[in-house]
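Work through the exercises below with the structure open. Try each task before reading its solution.

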Amino acid sequence: MIGRFLGAIGAWLRRSLQDLGFAVRSFFIMLAASGGLWRRPRLVMEQLFFIGNRSLVITIVSGLFVGMVLGLQGYYTLTTYGATQSLGQLVALSLMRELGPVVTALLFAGRAGTSLTAEIGLMKAGEQLSAMEMMAVNPIQRVLAPRLLAGIIAMPVLGGIFTAVGIIGSYLVGVVLIGVDEGSFWSQMQAGVDLWKDIINGTYIKSLVFGIAVTFIALFQGYQAQPTPEDVSGATTRTVVISSLMVWWLDFMMTAVMFSK
Amino acid sequence: MSIVVPNLVEIRDLHFAYGERSILSGLQMDFPRGKVVAVMGGSGSGKTTVLRLIGGQLRPSSGAVSVHGQVVHELDTENLYLMRRKMGMLFQHGALFTDLTAFENVAFPLREHTDLSEELIRTLVLMKLNAVGLRNAAQLKPAEISGGMGRRVALARAIALDPELIMYDEPFAGLDPISMGVTANLIRNLNDALGSTSILVSHDVKECFAIADYVYFLSSGKIVAHGTPAEMAVSTHPYVKQFVNAEADGPVPFHYPGKSLADDLGLHAGVGR
């Protein structure tokens with residue numbers, strides 16, 4: 001009984017390690033395949049349009065509302081301590097360090113990630129990837145690598161846009177609607193935000209890492225999906241679930257490393 | 001088979017299995033240059049697997065497939081891709097790129113593998129589309145054309161680089177009689193015009209017999225008969241006879257093998273039969 005139980009755990013562990021190893025290997029294969037894309041920038045630019053541009057609306061609208069809510073909630077809390085002049089700093093740090101990259105990554109997983117998984121899965125189901133192979137065209141290089149690169153480029157830009165729009169949203173609520181002093185709002189922000197620590201690390205590095213993780217998970221799930229409607233839809237769901245959990249875990253790890261005293 | 005021309009593709013003692021499940025066993029096949037050879041058999045007989053092994057998408061369990069004298073599974077990725085440039089394949093459902101127009105689909109291999117000018121690519125693509133009768137549908141997307149037309153666009157794409165070997169996976173499946181006839185004629189005519197070799201995997205007896213030079217019959221992963229279409233048409237082999245004449249009764253059982261109905265219903269022998 002115990003032997004069987006231990007055997008089952010061992011088998012599960014071995015399978016998990018095997019899957020993890022396979023995923024890591026696939027990631028490096030995709031990364032290596034993107035090396036040749038500098039000769040064909042059009043492929044990446046097309047995907048930047050599909051992945052980046054088409055995620056703009058949801059990113060901007062979400063950023064605006066998150067910033068507005070943050071401005072409102074921040075104002076209520078700071079009023080208790082008579083520190084409403086720090087609203088700009090509070091909002092900027094919250095957005096740059098956490099909300100900007102994390103919420104953008106979750107939106108990106110829902111908007112672009114699912115679309116990538118479904119697209120690749122359906123291409124596989126329709127034998128389009130097999131057809132490419134038979135035409136002596138490597139689908140990893142032609143289809144997956146440009147999308148991976150586009151996701152890696154698009155995510156930090158989207159994260160930056162989300163943060164900037166969020167700050168504008170909080171400005172509209174805090175300064176324009178509620179009447180917080182405009183000078184304090186901007187000067188406290190300027191004084192409290194560190195270029196390297198908050199903008200480069202907080203927004204861009206985090207977004208970059210999230211971009212790599214979410215795009216790779218989406219592509220991997222699509223590429224590994226069985227060519228059936230059930231599995232393609234299952235892969236799409238897995239993309240959102242795994243990406244979201246991965247984003248939270250990576251965020252915690254990076255925050256611990258970046259902002260520890 | 002009296003072979004007067006050298007073989008482009010040779011299959012020798014080929015075995016293939018998915019895990020424990022044997023798909024092909026002991027195949028010996030020859031595909032002479034310039035000929036149209038049909039591989040026929042029922043669904044699940046291993047026909048498409050043969051094509052995938054020739055294209056190097058699968059690796060044999062044992063035995064070998066040779067194309068141009070090169071053993072396919074021994075090639076590294078670079079040489080395998082070089083070999084595939086001399087092949088064209090028509091997939092069962094066309095496998096057209098759904099986001100591209102018919103023109104762009106046919107232009108795809110040309111853009112990927114050549115440095116030809118846009119003007120020359122345009123000329124070549126229009127010629128290929130003209131050959132399959134769809135020059136005027138060049139700007140339509142796969143969703144805007146019928147299944148038969150899609151198959152013809154896929155055929156134009158398969159021959160875009162004037163391949164030496166063209167493989168067809170169920171080219172007649174799901175087509176109306178007119179489209180079937182058109183596709184069959186195209187396969188034969190293109191093969192002769194390009195001087196290529198065609199391997200035709202299908203279960204459509206009439207069309208295959210009309211255009212093939214030689215036919216192999218596969219059943220349960222084994223070659224059960226082979227010969228010219230005329231020989232196969234009068235064959236007395238039970239499987240070929242059942243297949244060619246579309247007989248319901250014969251060596252291919254109607255019921256999926258397993259327990260009897262009486263066993264399933266828990267009836268004793270002699271009571272429920």
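**Exercise 1. The hairpin in chain B**

Task: Find how strands E9 and E10 of chain B run, and how many bridges join them.

Solution. The model is predicted. Start with E9(B), residues 214-219, and E10(B), residues 222-227. The two strands run antiparallel, and five bridges join them. Next, pick a residue pair: Tyr216(B) stands opposite His226(B) in E10(B). Finally, look at the turn. Two residues lie between the strands, which form a hairpin. Ser220(B), in this turn, has a positive phi of about 50°.

**Exercise 2. The contact between the chains**

Task: State how many residues chain B and chain A each give to the contact. Then break down the side of chain B that touches chain A.

Solution. Chain B gives 15 residues and chain A gives ten. On the chain B side, the elements giving two or more residues are helix H2 (77-84), strand E6 (87-90) and helix H3 (102-113). H3(B) supplies the largest share, three residues. By type, the chain B side splits into seven nonpolar, five polar and three charged residues.

**Exercise 3. The nonpolar core**

Task: Identify the residues with the most contacts inside the largest nonpolar core. Then list what Ile54(B) touches.

Solution. The largest nonpolar core holds 129 residues. Those with the most contacts inside it are Leu219(A), Ile54(B), Ile199(B) and Leu200(B). Helix H4 of chain A, residues 87-125, contributes the largest share of this core, 16 residues. Now take Ile54(B). Leave out residues up to four places away in sequence. Ile54(B) then touches Val9(B), Val65(B), Val67(B), Val72(B), Met167(B) and Ile199(B).

How values were computed: Residues numbered from 1 in each chain as written. Chains lettered and ligands numbered in written order. Predicted model: local features only at pLDDT ≥ 70, side-chain atom pairs only at ≥ 80, totals over all residues. Core = buried A, V, L, I, M, F, W, Y, C linked by C-beta atoms within 7 Å. Buried ≥ 20, exposed ≤ 12 C-beta atoms within 10 Å, placed from the backbone. Helix = DSSP H or I, 4+ residues; strand = E, 2+ residues; numbered from the N terminus. Contact = placed C-beta atoms within 7 Å. Nonpolar A, V, L, I, M, F, W, Y, C, P; charged D, E, K, R; others polar. Pairing = 2+ DSSP bridges.
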